[in-house]
Structure formats: structure tokens, C-alpha cells
Amino acid sequence: LVYIRQGEKVIGIYMDDHSDVVVTAKADIPLGHKISLVNLEKDEPVLKYGVQIGITTEKWEMGDYVHTHNIKTARW
């Protein structure tokens, strides 16, 4: 099930200060999966709610589909 279509504009709200972030999806994003809100180089830490959850395994651009193909978990 695709929730966000490639090329679709996505608007998110930062709950800390109610500011928003607008990104354009660079790929279809399935329901429950993630989209990059920032540009990151390969081997950079990935934060979710301010906590490091992994390391990038390739360069990310804002709007990229984020999943197991481009992040190494911090758990193992």
C-alpha cells in the first residue's frame, strides 16, 4: 500500500515549536515508512525524535524514501 506518491508535496509539523517542514517525495513511500527531512552524507548518524537510531549507508537527500536499504540500525 503506497501512502505517499512520488512527486507529492508532504507537510510535517515539528511538535516542539509548531513550525513546519515541506518536502517533495522522491519515491513512493509505503504506509508506516519514513521520508528524509534533511540531506545527509553516507555514514552519518540518523536521528528520530532527537535519538540516534542508525547510520546512513548511502547519501540521502530531502524527500528520499528511508528504509532498511539505506540505513543501518543502531541496535546491533
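1. The largest nonpolar core of this predicted model comprises 8 residues: Ile4, Val10, Val21, Val23, Ala25, Ile29, Ile35 and Tyr65. A second core, separate from that one, has 5 residues, among them Leu40, Trp60, Val66 and Ile71. In soluble globular proteins, nonpolar side chains tend to be buried together. For the protein as a whole, buried residues account for 25% of the 76 residues.

2. Val23, a member of the largest core, deserves a closer look. Leaving aside residues up to four places away in sequence, Val23 touches Glu8, Lys9 and Val10, then Ile35, Ser36 and Leu37, and finally Met62 and Gly63. Of these partners, Val10 and Ile35 also belong to the largest core.

3. The secondary structure consists of 9 strands and 0 helices. Read along the sequence, the pattern is accordingly β-β-β-β-β-β-β-β-β. Among contacts between residues at least 6 apart in sequence, 33% join residues at least 24 apart.

4. On overall dimensions, the C-alpha trace spans about 30 × 30 × 20 Å along its principal axes. The radius of gyration is 12 Å, which agrees with the value near 11 Å for a compact globule of 76 residues. The protein exposes about 5700 Å², and carbon and sulfur atoms supply 55% of that area.

5. A search of the whole structure finds 2 salt bridges. One of them pairs Asp28 with Arg5, with the closest N and O atoms 3.8 Å apart. Asp28 lies in the loop between β3 (20-24) and β4 (29-30), and Arg5 in the loop between β1 (2-4) and β2 (9-13), so this pair ties together parts that are 23 residues apart in sequence. The distance of 3.8 Å falls within the 4 Å cut-off used for a salt bridge. Both side chains have some access to the surface: Asp28 is partly exposed, at a relative accessible area of 33%, and Arg5 is likewise partly exposed, at 48%.

6. The other salt bridge joins Lys26 to Glu61, and here the closest N and O atoms are 2.5 Å apart. Lys26 is in the loop between β3 and β4, while Glu61 is in the loop between β7 (51-56) and β8 (65-66); the pair therefore ties together parts that are 35 residues apart in sequence. Lys26 is partly exposed, with a relative accessible area of 37%, and Glu61 is partly exposed with 34%.

7. Leu1, Tyr3 and Leu31 make a nonpolar surface patch of about 410 Å². Leu31 is placed in the loop between β4 and β5 (34-35) and is partly exposed, with a relative accessible area of 49%.

8. Pro30 has contacts with two members of that patch. Pro30 lies in strand β4 and is partly exposed at 24% relative accessibility. Not counting residues up to four places away in sequence, Pro30 touches Leu1, Val2, Tyr3 and Tyr65. Leu1 and Tyr3 are part of the nonpolar patch, whereas Tyr65 is part of the largest core.

9. Two residues call for inspection of their backbone geometry. Most residues other than glycine have a negative phi. His18, although not a glycine, has a positive phi of about 65°. His18 is placed in the loop between β2 and β3 and counts as exposed at 65% relative accessibility. Tyr49 also has a positive phi, of about 55°, without being a glycine. Tyr49 is in the loop between β6 (45-48) and β7 and is exposed, with 78% relative accessibility.

10. The surroundings of His18 include Ile13. Ile13 is in strand β2 and is exposed, with a relative accessible area of 53%. Beyond residues up to four places away in sequence, Ile13 touches His18, Ser19 and Asp20.

11. Two C-alpha separations complete the picture. Ile13 and Ile53 are 20 Å apart in space, C-alpha to C-alpha, and 40 residues apart in sequence. Pro30 and His18 are 12 residues apart along the chain, and their C-alpha atoms are separated by 25 Å.

Notes. Residues numbered from 1 in each chain as written. Predicted model: local features only at pLDDT ≥ 70, side-chain atom pairs only at ≥ 80, totals over all residues. Heavy atoms only, no water. Salt bridge = Lys/Arg side-chain N within 4 Å of Asp/Glu carboxyl O. Helix = DSSP H or I, 4+ residues; strand = E, 2+ residues; numbered from the N terminus. Buried < 20%, exposed > 50% of the residue type's maximum accessible area, 1.4 Å probe, protein only. Patch = residues over 30% accessible without salt bridge, like charges linked within 9 Å, V, L, I, M, F, W, Y side chains within 5 Å. Areas by Shrake-Rupley, 256 points an atom, 1.4 Å probe, with all protein chains shown as cover. Core = buried A, V, L, I, M, F, W, Y, C linked by side-chain atoms within 4.5 Å. Contact = heavy atoms within 4.5 Å. Rg over C-alpha atoms; globule rule 2.2 N^0.38 Å.
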